[in-house]
Amino acid sequence: MKVETREKLYEGKAKIVYATNQPGVIIQYFKDDATAFNALKRGTIVGKGVINNRMSAAMFQRLERARVPTHYLGTLSDREMLCRRLEIIRIETIVRNVVAGSLAKRTGLDEGTPIARPLVELYYKSDPLGDPMINEDHVRMLRLATPAELAWIKRMALKINAVLKPHMARRGLLLVDFKLESGRGGR
């Protein structure tokens, strides 16, 4: 059966998500839009969506080989990726290996300071609130995830870091930090 694009389900800062004619499957379209400072600064970088699609596919394939489940099913075009449809858990997880950006501002530590053990931070995925940092008590209070789901999210974040950090280092790159989003279902 050929995958057909249907109605737009969501448009975010970096991509558009479309329904398909296949149950439980969506198409992600990567845009050239660029944002900074939680979308307060906006612009366009020609070709950014193509690069994001390629890099995302390569990272998802690498993670799948390491037995980290992802939503990735395949690449359809330069800008389109076929994915499992998931229920988004409204927690953004940031893994930090080096002090940079907001962590330097919050702690007073110098930018570039290595972190001995990776730091896992949680943020409430809410554009109107500016995605504030939260802790496990907030997660429970807001009923964003069960304790088992939160433990899984944190465990997977550290596993992903353990896979990607040496993967990047072998290519001469330093993995300073990265953001993850998680979802339920789709398997």
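This is a short talk through one protein chain, from its overall build down to a handful of residues.

Okay, hi everyone. Before anything else, please keep in mind that this is a predicted model.

Let's start with the whole chain. The secondary structure comes to 4 helices and 11 strands. The radius of gyration is 17 Å, close to the 16 Å that the globule rule gives for 187 residues, so the chain is as compact as a globular protein of that length. If you lay the C-alpha trace along its principal axes, you get spans of about 55 × 40 × 35 Å.

How much of the chain is buried? Out of 187 residues, 40% count as buried. On the outside, the chain exposes about 11400 Å², and carbon and sulfur atoms supply 56% of that area. As for charges, there are 33 positive and 20 negative ones, and the mean positions of the two sets are 4 Å apart.

One more number for the whole chain. Take the contacts with a sequence separation of 6 or more: 50% of them are accounted for by residues 24 or more positions apart. We'll meet some partners from far along the sequence in a moment.

Now for single residues, and I'd like to begin with Gln28. You'll find Gln28 in strand E3, which covers residues 25–30. Is Gln28 buried or exposed? Its relative accessibility is 7%, and the cut-off for buried is under 20%, so Gln28 counts as buried. What does Gln28 touch? Setting aside residues up to four places away in sequence, its contacts are Lys15, Ile16, Val17, His71, Arg79, Glu80, Met81 and Cys83. Pick out His71 from that list, please. The side chains of Gln28 and His71 are joined by a polar contact of 3.4 Å.

Next, Leu73, over in strand E6, residues 72–75. With 39% relative accessibility, Leu73 counts as partly exposed. Leaving out residues up to four places away in sequence, Leu73 touches Val25, Leu82, Cys83 and Arg84. Cys83 may ring a bell, since Gln28 touches Cys83 too. Also, Leu73 and Phe60 sit 13 residues apart along the chain, and their C-alpha atoms are separated by 9.2 Å.

Let's move to a helix. Ile160 is in helix H4, which runs over residues 147–169. Ile160 has 8% relative accessibility, so this residue counts as buried. Which residues does Ile160 touch? Not counting residues up to four places away in sequence, they are Leu63, Val68, Phe178 and Leu180. There's a nice sequence-versus-space example here as well: Ile160 and Arg62 are 98 residues apart in sequence, and C-alpha to C-alpha they are 9.8 Å apart in space.

For another pair, look at Met141. This one lies in helix H3, residues 136–142. Met141 has a relative accessible area of 60%, so Met141 is exposed. Met141 and Arg170 are 29 residues apart in sequence, and their C-alpha atoms are 41 Å apart in space.

Back to a strand for a minute. Leu119 is found in strand E9, residues 114–124. Its relative accessible area is 33%, which means that Leu119 is partly exposed. Beyond its neighbours within four places in sequence, Leu119 is in contact with Ile94, Val95, Arg96 and Leu103. Leu119 and Val139 are 20 residues apart in sequence and 18 Å apart in space, going C-alpha to C-alpha.

Last topic: backbone angles. Most residues other than glycine have a negative phi. Here are two arginines that go the other way. Arg67 has a positive phi, near 65°. Where is Arg67? In the loop between helix H1, residues 48–65, and E6. Arg67 has 71% relative accessibility, so Arg67 counts as exposed.

The second is Arg143, with a positive phi of about 55° although it is not a glycine. Arg143 is found in the loop between H3 and H4. Its relative accessible area is 75%, so Arg143 is exposed too.

So, a quick recap to take away. We have a chain with 4 helices and 11 strands. Gln28 counts as buried, and its side chain makes a polar contact with that of His71. Ile160 in helix H4 counts as buried as well. And Arg67 and Arg143 each have a positive phi. That's my tour, thanks for listening!

How values were computed
Residues numbered from 1 in each chain as written. Predicted model: local features only at pLDDT ≥ 70, side-chain atom pairs only at ≥ 80, totals over all residues. Heavy atoms only, no water. Helix = DSSP H or I, 4+ residues; strand = E, 2+ residues; numbered from the N terminus. Buried < 20%, exposed > 50% of the residue type's maximum accessible area, 1.4 Å probe, protein only. Polar contact = N/O pair within 3.5 Å; in protein donor to acceptor, adjacent residues only side chain to side chain. Contact = heavy atoms within 4.5 Å. Rg over C-alpha atoms; globule rule 2.2 N^0.38 Å. Areas by Shrake-Rupley, 256 points an atom, 1.4 Å probe, with all protein chains shown as cover. Lys, Arg positive; Asp, Glu negative; His and termini not counted. Charge placed at Lys NZ, Arg CZ, Asp CG, Glu CD.
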